[in-house]
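Trainee: Please take me through the surroundings of the ligand in detail. Then place that part in the rest of the chain.

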Amino acid sequence: MRDILANESQLFIFVINLFDKLMTSVGSKKIILPVVESHDLFKRAIGQSTDIVEKEMFVIKSGESDEILALRPEMTAGCLRAYLENGLFNKPQPVILHSSGSNYRRERPQNNRYREFTQLNLEVLGSDLPVYDYFVIDSAMKLLRNLQLNDVVLSINSIGCNDCRPNFRQKLLDFLSKKKDDLCGDCQRRLSHNPLRILDCKENSCQNITQDAPSTLDNLCSACEDHFKKVIELIKLAKISYKENPKLVRGLDYYNRTVFEFNLESDNTRQGSLGGGGRYDYLATLISDQSKAAVGVALGVDRIVNALNERGFVLPDIATVALICSPEIIGETFNIYSKISDKINVRFLPSGKSISAQLSELNKNGFDFAIIIGQDELKKDRFTLKDLKNGEQNELTLDELINKFDYESKTITS
Ligand code: AMP
């Protein structure tokens, strides 16, 4: 687990705020979920034999009781639990919810893989319509486009439903059993309880074997085939760059039908997907006595921020701004400060020194702009804005000042 220091944390907050803004604009409501849930929820939802449940969860024994809890390794299970527990299925369906926060997996720490990482989640609960598979994909793309990550490719597959998957599973087992000895150790174990996961194993030996394996897309029932076709039609219509990947199954057991991932074009190893998701129509029946169709996406903020840093992304207009004033009007300036600091990031530096002495200190301390309030400005209800890098100076009204520095309002595109 790592500390995220000021330069990076600003980007984290920027990405999270932008996500919140964009998801609200597409009709989603924010849900704040607990970081800790019952261990049992994840075992049932994600699947006993997945890497996450088998070896990656931080499990907590709570006090003297027998209750076993876990730090959440993902947010979908908690979000569906909240939807069921709070009776949100009684509202007009589907319910669209988004969330953000830390998740925990005890993975081997390496580049782009952390034990504490931040995810952005969007879930559409209570509908099996293919348009919502498209909706979550398009909404995630909206965020990535806004961040100028334009070379993102969508990898997409359908892994069928309870009608067609057993047939496919059997065909795959027949194919893989003959080559068991050549599979890696993990995949030899997967053969008995989770053979689909062998399809996206990263080991070369397994990838060579699965090259000729039966494909999920050739083995869908007509209802799943039709569902997938409709999702693809909408993706094409939106001109989202995509490729069908019949080997994509994802690491969590709860998915059915559509599964997808977002990768940067240059990343061939799929070690660094920026996000992924899929449909999980059977998850509600695994954790409750209800059946509810749903689809969702999770994006990794750590990986998005790393990609932005690699590309030299600079926060639009996030300048360091100081507010200074003549020593005799510090009280009045405090009043003005509380008004403008609601809208823009500014530091008030009250001082007994003259304005020119204060300006030279700001220059030394690396500030970009100074907002100056003297007796004259106070009388005229205006502000002097000095660009400390080039010395330019202008008189502005409050609205003009806010407009100049309110960078977030300028970054939303469709
Ligand atoms: P998953 O559902 O496991 O594919 O996770 C969705 C997204 O969360 C991934 O595409 C990553 O961007 C991010 N993510 C998952 N695990 C980690 C991790 N250990 N460290 C950083 N980001 C992660």
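Mentor: Start with the strands. β6 (116-125) and β11 (294-300) each give at least two residues to the shell around the ligand. Strands here are DSSP runs of E, at least two residues long, and helices are runs of H or I, at least four long, both numbered from the N terminus. The model is predicted, so local features need pLDDT of at least 70 and side-chain atom pairs pLDDT 80 or more, while totals for chains, interfaces and linings use all residues. Numbering runs from 1 along each chain as its sequence is written, and side-chain values use heavy atoms, without hydrogens or water.

Now the shell itself. It holds 15 residues, each with a heavy atom within 4 Å of the ligand. The closest are Arg105, Glu107, Tyr114, Arg250 and Ser273. By class, the shell splits into five nonpolar, five polar and five charged residues. Charged means Asp, Glu, Lys or Arg; nonpolar means Ala, Val, Leu, Ile, Met, Phe, Trp, Tyr, Cys or Pro; the others, Gly among them, are polar.

Next, the polar atoms. A nitrogen atom of the ligand sits 2.8 Å from a backbone N or O atom of Tyr114. The side chain of Arg250 brings an N or O atom to 2.9 Å from a ligand oxygen. Gly300 has a polar backbone atom 3.3 Å from an oxygen atom of the ligand. The protein covers 93% of the 480 Å² of accessible area that the ligand has on its own. That area comes from the Shrake-Rupley method with a 1.4 Å probe; for residues, only the protein chains shown count as cover.

Step back from Arg250. Its side chain also makes a polar contact, at 3.2 Å, with the side chain of Glu261. Such a contact is a pair of N or O atoms within 3.5 Å; within protein, one must be able to donate a hydrogen and the other to accept it, and sequence neighbours count only through two side-chain atoms. Glu261 belongs to strand β9 (residues 256-264). Its relative accessible area is 7%, so Glu261 counts as buried (under 20%; exposed is over 50%, partly exposed in between; 1.4 Å probe, protein chains only).

Some backbone details lie along the same chain. Asn112 sits in the loop between β5 and β6. Its phi is near 70 degrees, positive in a residue other than glycine. Lys239 has a positive phi too, near 55 degrees. The loop between α9 (222-237) and β8 (242-244) holds Lys239. With a relative accessible area of 74%, Lys239 is exposed. Gln93 and Pro94 are joined by a cis peptide bond, with omega about -5 degrees. Pro94 falls in the loop between α4 (76-85) and β5 (95-104).

Finally, the whole chain. It has 15 helices and 16 strands. The C-alpha trace spans about 85 × 50 × 40 Å along its principal axes. Of its 414 residues, 53% count as buried. The chain exposes about 19,800 Å², and carbon and sulfur atoms supply 47% of that. One open sheet runs β13-β12-β14-β15-β16, with mixed pairing (two strands pair if DSSP finds at least two bridges between them). Its edge strands, each paired on one side only, are β13 (347-348) and β16 (393-396). Inside the sheet, β14 (residues 369-373) and β15 (residues 383-387) pair antiparallel over four bridges. Ala370 has Lys386 in β15 as its bridge partner.
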